[in-house]
Structure formats: structure tokens, C-alpha cells
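Me: Got a minute to go through this one with me? I'd like to start with the odd backbone spots and then move inward.

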Amino acid sequence: MLHTPPLGPLLEQYAAGSVLACEPVDEGLLNRGYRLRTTRGRYFLKHHFDPETADPAAIVRQHRATLRLADLGVPVAPPLTGRDGGTVAVVAGHAYALHPWIEGRHRHGGQLTLGQCARLGALLGVVHACLEQVMPTQETATPVRKRLIPAQRRARETRKPLGASGCSGPVGTESADPVGTFALMDELLDRVRRHRPADPFDALARHRLLERRRLLERHADRRPPRGGSVGWVHGDFHPFNVLYRDDVPDVPAAILDWDRLGVQPRAEEAVRAAVIFFVRPVGALDLAKVRSYARAYRRSAGAAPAELAAAVHRVWWERLNDFWMLRWRYERGDTRADPQFPAASALVVWWTREYDAVREAFVE
């Protein structure tokens, strides 16, 4: 059931006028968003619902980062300040933030020219460089202690763990252990077999799981070491978090959704973003666009080719061992990621076969 935000009390906290229209924004997988029109303008209302990222202290840290990045000229949409001087409103046990509405559209890599791909890579490099200026150093950065508000606590209690077989975890974590991945695949195959009523997705899931098992058996000795150079990263840089305006098509108008801001291997974020932006529906990467993007990123971020090569290997291994989309479907009963699965699962197979070509696209 869709949560209805308490618009009256919220707008009162922000002195944002009276609501004229409120429409849900559908793109987000974790948190919830609304397009608001009030007597004082247009806004984006974000409901910070995901218990993994939504404690008020972490939200404030994200807000401070975007405000500082805006001062450096990075295209972001910083939050508005409420009457109390803060940027987070907690109403009826839920955390919200109000942002200016930025008109624009999302574009995947197939809609970008080579020049626009280069500008996208350069922008991510700028983000990494600017975060290094505005955020504490890794040595002084400490994890934010979770203080969940009641709504988030209830959500966590009913949420099944995703378990990151290969997903990016805290800095310094080991890469995925194939032993654990094999056990997970067996569990998922059993869930697929028992799923009723069976459908074509189940058949594809079974095929890909068996195929992935064979690939992992063949490449289990290629497990990479810990990640490389770390720094503050956006954490979720993909097409739904980048907005373009029609009248200024070459440069993104805003980078959205900083919920996963954190300290991670920077080059891995660059590789992971490229893999999402430039995957074709058949599950292959557009290597010409990857090359244009990666060259610009390396120049902008000052990253060496060897750093990108190591990141390519780690992200490939991550994808080889990762089944988060199937876990959402079969463990949580959440099918929102199902449309992404055909291309993403095919990509792993293609990437393994074209490993050298992918690596060269990122480093040459």
C-alpha cells in the first residue's frame, strides 16, 4: 500500500506554501519520491524509507555534502532548509527532505553520443575529486551509528537480508568467496524449482543459475584481492540518478540520490557505472562508448590505467558472484528488479568471454 506523506505538516515546516498537486515518482527502488506543486513553486519531496540508508544523521551528512558540492559547481539538487534550520523533517515517525524540482529526463548510454559519454565520465571524475575536498579523510571518517526512527525499524524487522554475494561492501571487505556463492546458487535453484505458478522468468533464472555455476567453476581461481585506492564516492551512479535537460543536452543538469554516499574504491564506482550505462539489451557493452567515458574519467580523476584494470577485474568478479535481483524476487517476493535481469545476467556471460576487450576499453 502506497504511503501518503503528511503534506500539511511537512510544508508547514518548510514554509513552502499549500499543496496544489502531489504525484508519486516511480523510478526509485528503495526510497520514495513525490513531485509537488504548491502555491510557492515546484518541489521534489523525498521519503527516506530504506532502513539501510535512512537514519537522520546519515541523511544530514548527505545533505551537507551536496551543499558543499554545489558551492564547487557540481550539478546537484541540495535540500531546502526548514524553519528550524535543518534539512530533515521527521513527521509521524518518517524522515523526509524537500528539494527544488529540476526539470529533465534520464538517459541511458544508448541515448548518449560519444562526446556526451566523455562528459559523463569527466563529471564522475570531478565528483570524486570534489568529494575528496569537502568530506573528511578516510582516517577521520567514522561510520554513522544507526538510530532508526520507528518506521525504519519496522521496515528492517520485516526485510529479509540481501546478503551481498559479490556486492560492494564496507571498505576492506574481501571479494566474494566462490564457496558461499555455490551454496547460494543451490538455494536459489531450489526456490526457483518450488516457485508456483512457474513462469518464463523461472525458466530463465534456472538457465542462468546453471550457466553461472559452470562459469564460476571454470574461473574460481581468479578471485581478486581487496579493493584498491579508496575515497568518498556517490555510491549509486546510474542513469536514473542523472538528469539531463532538453535545452542543454550535453551536460547533466543534476546528479540525484546521494543515499549511498560513502568511502569505497573509486575506480570500481567508475567501472560499475559504465557497466550500467552502456549495457545493451542483448547483454553486451558498447565498448566505443565505454572507451570514451573511461578516458575522460581517468583524466578528470587522475586515475592510472592500472587502477582501472584492477577495478574491471573486481567488478567482473562481483557480477559473476552476484544474484541480488534473484534474491529480491525469490526471497523477498519483490519483482521490481525483474526487468533488469535478462540483460544483466547475459552481460556476465558476454563479459567473461570478452574479458580482454572490456579491460582494454577501460585502460587504453
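**Backbone first, then the inside**

Reply: Sure. Ala15 sits in the loop between α1 (7-14) and β1 (19-25). Keep in mind that this is a predicted model.

Me: What's the phi of Ala15?

Reply: About 50°, so to speak on the positive side, and Ala15 is not a glycine. Most non-glycine residues have a negative phi.

Me: And is Ala15 buried, partly exposed or exposed?

Reply: Partly exposed, because its relative accessibility is 28%, and the buried class stops at under 20%.

Me: Which loop holds Ala92?

Reply: The one between β4 (89-91) and β5 (94-100). Ala92 also has a positive phi, near 55°, without being a glycine. With 66% relative accessibility, Ala92 counts as exposed, since that class begins over 50%.

Me: OK, peptide bonds. Where's the cis one between Arg196 and Pro197, in terms of helices?

Reply: Pro197 lies in the loop between α5 (178-194) and α6 (200-219). The bond joining Arg196 to Pro197 is cis, with omega at about -5°. Most peptide bonds are trans.

Me: Zooming out, how many helices and strands does the chain have?

Reply: There are 12 helices and nine strands. The chain has 364 residues, and 49% of them count as buried. Among contacts with a separation of 6 or more, 75% come from residues 24 or more positions apart.

Me: What about the surface?

Reply: The accessible surface of the chain is about 17,000 Å², and carbon and sulfur atoms make up 53% of that.

Me: Now the core. How many residues are in the largest nonpolar one?

Reply: It has 75 residues. Those with the most contacts inside it include Leu131, Val271, Trp351 and Phe362.

Me: What does Leu131 touch?

Reply: Leaving out residues up to four places away in sequence, Leu131 touches Leu69, Trp232, Val233, His234, Trp258 and Leu261. There's also a second, separate core of 13 residues, with Leu7, Leu11, Tyr43 and Tyr96 among them.

Me: Last topic: how many cavities of 30 Å³ or more?

Reply: One. The largest cavity holds about 30 Å³ of space.

Me: Which residues line the largest cavity?

Reply: Gln13, Tyr14, Gly82, Arg83, Asp84, Gly86, Val88 and Ala89. That lining divides into three nonpolar, three polar and two charged residues.

Methods:
Residues numbered from 1 in each chain as written. Predicted model: local features only at pLDDT ≥ 70, side-chain atom pairs only at ≥ 80, totals over all residues. Heavy atoms only, no water. 1 Å grid on protein atoms, 1.4 Å probe; cavity = no way out; pocket = protein on both sides within 12 Å on 5 of 7 lines; lining within 4 Å. Points joined across faces, edges and corners; volume = space filled by probe spheres on them. Nonpolar A, V, L, I, M, F, W, Y, C, P; charged D, E, K, R; others polar. Core = buried A, V, L, I, M, F, W, Y, C linked by side-chain atoms within 4.5 Å. Buried < 20%, exposed > 50% of the residue type's maximum accessible area, 1.4 Å probe, protein only. Contact = heavy atoms within 4.5 Å. Helix = DSSP H or I, 4+ residues; strand = E, 2+ residues; numbered from the N terminus. Areas by Shrake-Rupley, 256 points an atom, 1.4 Å probe, with all protein chains shown as cover.
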